[in-house]
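User: Could you walk me through how the labels used for this model are reached? I would like to see each value set against its definition.

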Amino acid sequence: MSATDTIRNGEEREPAFGFWRRSYAMLVKEFIQLRRDRVSFAMIIIIPVMQLLLFGFAINTTPRHLPTAVLLQEDSDLGRSILKAMENTAYFRFTREVHTVEQLDELLQSGKVLFGVEIPRGFERAVRRGDKPALLVAADATDPVAAGSALGALGPLVQGALAHDLHIGDPPEMPFEIRAHARYNPAAESRLNIVPGLVGTILTMTMLIFTALSVTREIERGTMESLLSMPIKPVEVMFGKIIPYVMVGFIQAGLIIGIGVLLFGVPVLGSLTLLGLLTTLFITTNLSIGYTFSTIVQNQLQAMQLSMMFFLPSILLSGFMFPFAGMPVWAQYIGEVLPLTHFIRIVRAIMLKGAAMPNLQYDTIALAALMLFAMTVAVTRFRRTLD
Amino acid sequence: MNGGPTSTQPSASSIAIDVKGLTKSFGGREVVHDLSMQVKRGEIYGFLGPNGSGKTTTIRILCGLLTPDSGEGTCLGYDIRRDADKIKRKVGYMTQRFSLYQDLSVRENLEFVARLYGMPDARGAAADMIARIGLKGREEQLAGELSGGWKQRLALGACTLPNPQLLLLDEPTAGVDPKARRDFWNEIHALAADGLTVLVSTHYMDEAERCHEIAYIAYGHLLAHGTVDEVIAKSGLSTWTVTGEDFNGLMAELTGKPGVDMVAPFGTSLHVSGRDKAALEAAITPYRDNSKWRWQPSEPSLEDVFIDLMGRSKDNFQG
């Protein structure tokens, strides 16, 4: 009876502006929902502001004040003048003084400095004699952007600064030769730098999202209620959710590195076992952070947004896209708490520089500390009741 | 009422649930108010009340999923505040909404539960349960693809799998067809006969009558408890059953008359109830001689009692 009524009434004229009314109804509903979702609302503000600030202030594609080590084989006025001249170019900042070539190599390999300057024994005397001795500058060229502009500035700038000190004519005949050696990536091929970095970047993105959704999914699907009524502890839930993805991440890392080696000709100079171990640590750290996110947020959308917010500075401030040493100090501090920063140092050092564990201690400990911190937060944040 | 099961004090070991003064609020709204109850071991205890009355909240407090704001008590002898982990090992909780993994098969869901409880032979235990709940042949089907009745069986199977001593069932038969409902209750009775204690919440009156004892809860207050007969006797409600024709006019006339508290049609008859027997009789006297209707004094049904309790509690607690 009522069904047939409806059919007949259906032939009635549709109210005016039906299309706009219905669209308007939908629009009002969406606005209400958006307003209720505080996290989404915050993201609308935070993400663009964060990007703007990072790009505007933190990122510098012609980095200056790069950490440099000095190996002084003789103590001479000329040597000091040259170092002063280099520092005056604003590209170099002398952070370490070493006494042997091995120490210099070690600093470069572990990434603690980007340049090493060696003033050989008898340098000043050779200059006075007019022998044109060589001043050695070794650069860590794994990141061609970071090393390139400084190396390019080296000759003319140092020469100009020295012209004044040494009272040599202009245009001067340089009394010594600057022999720059771009280590690890002599041809300055950016793919050598990017492929190892990509291992970390891709893993960060995929691993975060895998676990960031894991707890919220249980809550949204209603399975959390059953799970919580069973005798399982928060740590057990966490391990159960993280471990499968460690394997997934491991396969993914193998795939990227394999393609990098076979297709792009990126070398793996260091130990493959060490690379595998530290990659596993990095994967686990990211999974723990993603899992922590999922214990904080209320739904899957928020989990995705929080992951995005973590991913963005990871790419920008980790040294993946832009030279880490060129960033202002505050940005470097932020970079230090991002796992990707440490992993990028590790993966570049192992693959391109052949670094071994002693060179990588600091970054390994940092990764492990971040992982433990994330796990602790996750376990304490995990709600054991529905309160 | 004297000599009824509730007035004798059972020994502690024979009590499965013993809670006093449970109170729980959400966002300033009190959902459970000063609730005390005792459930004896091996008993089927029905938990009745309208939607939003606090049944689910109470059940969640009992199995440690919620912490009460105040009140105390024990579940299977364990403190509900401190020993939630121990309670979870021995209690099976069937949630109101299906909460097993929809993207796991029947077998995988059961094996998950068996492993979680550390059962030595998870595969074997799951296979036995599949046979017991009659899901043989469907073990590889995804839980999400099962029909309502099968889902409910699977959920019951999952919560009885680890051999619990107490089952908490939250509206287990909502949206399930009568045949499946009957099978379900037969299973519950079989489990209780094996010594399992069952606390089951429901809306259905026929299910209430299948329980050994019932409690009625509305607006967070426990309003009545005891066996079905006791609850009816304690209600103090007098009821007349009217048979005949043209109830619509009669209903309209009787409703709201002093002495008449409730008028409810039951198929071809009408139940007219009141708390004051004399006032009720006075109210219906003018209609009793009308040949259209036949008046008979009768027992109030459980539904009459509950609707009356609900109406009264609404006056008391909702202003």
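Here is a friendly walk through some of the helices, contacts and backbone angles.

Analyst: Happy to help. This is a predicted model, in which local features need pLDDT of at least 70, side-chain atom pairs count only at pLDDT 80 or more, and totals for chains, interfaces and linings use all residues. Residues are numbered from 1 along each chain as its sequence is written, while chains are lettered from A and ligands numbered from 1 in the order in which they are written.

User: What makes α11(A) oblique to α12(A)?

Analyst: Helix α11 (residues 234-264) of chain A and helix α12 (residues 272-296) of chain A pack at about 135°, with axes 9 Å apart. Helices here (H or I, at least four residues) and strands (E, at least two) are DSSP runs, numbered from the N terminus. Axes are lines fitted to C-alpha atoms, for helices over the stretch in contact, and angles run from 0 to 180 degrees between N-to-C directions. Angles under 35 degrees count as roughly parallel, over 145 as roughly antiparallel, 65 to 115 as roughly perpendicular and the rest as oblique. The angle of about 135° therefore makes α11(A) oblique to α12(A).

User: Which residues make that contact, and how do they divide by class?

Analyst: From α11(A), the residues include Met238(A), Ile242(A), Tyr245(A) and Phe250(A), and from α12(A) they include Thr280(A), Ile283(A) and Leu287(A). Residues are in contact if their C-beta atoms, placed from the backbone, lie within 7 Å. The residues of this contact divide into nine nonpolar, five polar and one charged. In that scheme Ala, Val, Leu, Ile, Met, Phe, Trp, Tyr, Cys and Pro count as nonpolar, Asp, Glu, Lys and Arg as charged, and the others, Gly among them, as polar.

User: Why are α8(A) and α11(A) called roughly antiparallel?

Analyst: Their axes come within 10 Å and cross at roughly 160°. That angle is in the roughly antiparallel class, so the label follows. Among the residues that meet are Val195(A), Leu198(A) and Thr206(A) in α8(A), and Ile242(A), Tyr245(A) and Ile256(A) in α11(A). The contact of α8(A) with α11(A) has 13 nonpolar, five polar and two charged residues.

User: Why does Thr206(A) count as partly exposed?

Analyst: A residue is buried if 20 or more other C-beta atoms lie within 10 Å of its own, exposed if 12 or fewer, and partly exposed in between, with C-beta atoms placed from the backbone. Thr206(A) has 17 such neighbours, so it counts as partly exposed. This residue lies in helix α8 (residues 190-212) of chain A.

User: How do you know that the length of α13(A) agrees with what is expected?

Analyst: The expected span of a helix is 1.5 Å times one less than its number of residues. For the 18 residues of α13 (residues 300-317) of chain A that should be 26 Å, and the end C-alpha atoms are 26 Å apart, so the two agree. Buried residues of α13(A) include Leu306(A), Phe310(A) and Leu317(A). The buried residues pack against α3 (38-58), α8, α9 (214-220), α12, α14 (329-336) and α15 (339-353) of chain A. After α13(A) comes Gly319(A), with a positive phi near 95°.

User: What about the span of α5(B)?

Analyst: The 13 residues of α5 (residues 148-160) of chain B should span 18 Å, and the end C-alpha atoms are 18 Å apart, so this agrees. Among the buried residues of α5(B) are Leu154(B), Leu156(B) and Cys159(B). They pack against elements of chain B that include β6 (91-94), α3 (106-116) and α6 (178-193).

User: What makes Asn163(B) exposed and Asp34(B) partly exposed?

Analyst: Asn163(B) has 12 other C-beta atoms within 10 Å, so it is exposed. Asp34(B) has 14 C-beta neighbours inside 10 Å and therefore counts as partly exposed. Asn163(B) lies in the loop between α5 and β7 of chain B, whereas Asp34(B) is in strand β2 (residues 29-40) of chain B.

User: What is notable in the phi of each?

Analyst: Most residues other than glycine have a negative phi. Phi of Asp34(B) is positive, near 40°, and Asn163(B) has a positive phi of about 50°.

User: How many residues meet between the chains?

Analyst: 13 residues of chain A are in contact with 17 residues of chain B. The side of chain A that touches chain B has five nonpolar, five polar and three charged residues.

Terms used: Two residues are in contact if their C-beta atoms, placed from the backbone, lie within 7 Å.
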